[in-house]
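This report covers the pockets, the sheet and the ligand site of one model. The structure comes first, then the details.

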Amino acid sequence: MDKPTLQGELVVLRPVAARDAAAMWEMVNDPEGRRLTGTVVEHTREQTDAWCATVSGREGRIDLAITQHDSDEFLGEIVLMDIDEHDANASLRMSMRPGQRGRGFGGEAIGLVLEHAFASPPHGLGLHRVALDVLEINPRARMLYESHGFEVEGRLREVHRDGEFWTDVIVMAILEDDYRAAQQVQDPER
Ligand SMILES: CC(C)(COP(=O)(O)OP(=O)(O)OC[C@H]1O[C@@H](n2cnc3c(N)ncnc32)[C@H](O)[C@@H]1OP(=O)(O)O)[C@@H](O)C(=O)NCCC(=O)NCCS
C-alpha cells in the first residue's frame with residue numbers, strides 16, 4: 001500500500017519516519033494527551049525509535065505526520081489503521097503535540113485524510129466507512145469529529161477509568177455518503 005503525502009492550506013501530511021521519534025516521544029508522554037486519548041500503555045524511547053523507523057512499511061495502516069509547508073517538524077499524527085479492503089472500512093486516530101493544539105492543524109488534517117479515504121482508487125483508498133472511539137471526557141475532539149460528518153453510533157458505558165471516575169467511550173463513524181453530504185453543506189458548489 002502506497003503511503004501518501006497530502007497537502008492542505010495549513011498542513012502537509014507525510015509518512016511518519018525515523019526522524020520523528022523525539023517529537024513522537026514528547027507527544028506520547030504528555031499527561032493531558034494521555035488522559036484525553038485514554039492511553040495506558042507505556043513505551044520505552046527505544047520502542048518509539050523503532051516504531052517511527054518502521055511504521056511506514058507496515059501493511060493495513062497509514063501513519064501520517066502533521067507538518068507545515070515551511071517546516072518538516074512533526075507537530076502531531078493522524079492514522080488510518082485496521083484498513084480492511086474487503087469491507088472497505090478503517091479506523092482513525094489522531095493527536096497533536098501539546099504546544100500545537102487549537103491552531104487549526106488537526107481539523108485540516110482530518111479533512112485531508114477523509115478525502116483520501118473516500119476518494120476512488122488510484123487517487124484514494126475508496127473506503128466506505130471510517131470509525132473512531134472518543135472518550136466522554138474529550139468533548140473538543142468529539143465536536144471536531146461531528147463537524148466533519150462523524151455520527152455517534154453507540155456508547156460503551158464506564159469502560160475506561162479516568163482517575164477516580166469512570167468514563168464512557170463514544171463510538172463514532174462516518175460513511176462515504178455522510179462525508180459527501182457534509183462536503184455539500186460546506187461547499188454547495190461541489
Ligand atoms: C483533538 C485534537 C487532535 C484536535 O486537533 P487541533 O489541532 O487541536 O484541532 P483544531 O485546532 O483544528 O480545532 C478543532 C476544533 O476544536 C476547537 N478547539 C480548539 N482548541 C480548543 C480548546 N482549547 N477548547 C475548546 N475547543 C477548542 C476549535 O475551535 C475547533 O473548532 P471549530 O472547527 O469549530 O473552530 C487535538 O486537540 C489533540 O491532540 N488533543 C489531545 C489528544 C486527543 O484528544 N486526541 C483525540 C482522541 S479521540
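## Largest pocket

This is a predicted model. The lining of its largest pocket holds 19 nonpolar, 17 polar and 10 charged residues. The pocket itself has a volume of about 1300 Å³. It is lined by 46 residues, and those closest to its centre are T37, T39, R93, M94 and S95.

Several elements give two or more residues to this lining. The helices are α1 (21-28), α2 (31-37), α3 (45-54), α4 (105-118) and α5 (139-147). The strands are β4 (71-84), β5 (89-96) and β6 (129-135). Which element gives the most to the lining? Strand β5 does, with 6 residues.

## Second largest pocket

The second largest pocket has a volume of about 230 Å³. Its lining counts 16 residues, and M1, H116, P122, G124 and L125 are the closest to the pocket centre. By class, this lining divides into 9 nonpolar, 3 polar and 4 charged residues.

## Sheet

An open sheet is built from 8 strands. Their order is β1-β2-β3-β4-β5-β6-β8-β7, and the pairing is mixed. Which strands form the edges? They are β1 (6-7) and β7 (151-162), each of which pairs on one side only.

Inside that order, β3 (residues 62-68) and β4 run antiparallel. They are joined by 6 bridges. Across this pair, D63 stands opposite V79 in β4. Strand β4 also belongs to the elements that give two or more residues to the lining of the largest pocket.

## Ligand site

The ligand has 19 residues around it. Those that come nearest are M96, G102, G104, G106 and N138.

Oxygen atoms of the ligand take part in polar contacts with side-chain and backbone atoms. For R101, a polar side-chain atom lies 3.4 Å from a ligand oxygen. For R103, the partner is a polar backbone atom, and the distance to a ligand oxygen is 3.1 Å. G107 also offers a polar backbone atom, 2.8 Å from an oxygen of the ligand.

How much of the ligand does the protein cover? On its own, the ligand has 930 Å² of accessible area, and the protein covers 66% of that.

Notes. Residues numbered from 1 in each chain as written. Predicted model: local features only at pLDDT ≥ 70, side-chain atom pairs only at ≥ 80, totals over all residues. Heavy atoms only, no water. 1 Å grid on protein atoms, 1.4 Å probe; cavity = no way out; pocket = protein on both sides within 12 Å on 5 of 7 lines; lining within 4 Å. Points joined across faces, edges and corners; volume = space filled by probe spheres on them. Helix = DSSP H or I, 4+ residues; strand = E, 2+ residues; numbered from the N terminus. Nonpolar A, V, L, I, M, F, W, Y, C, P; charged D, E, K, R; others polar. Pairing = 2+ DSSP bridges. Near = heavy atom within 4 Å. Polar contact = N/O pair within 3.5 Å; in protein donor to acceptor, adjacent residues only side chain to side chain. Areas by Shrake-Rupley, 256 points an atom, 1.4 Å probe, with all protein chains shown as cover.
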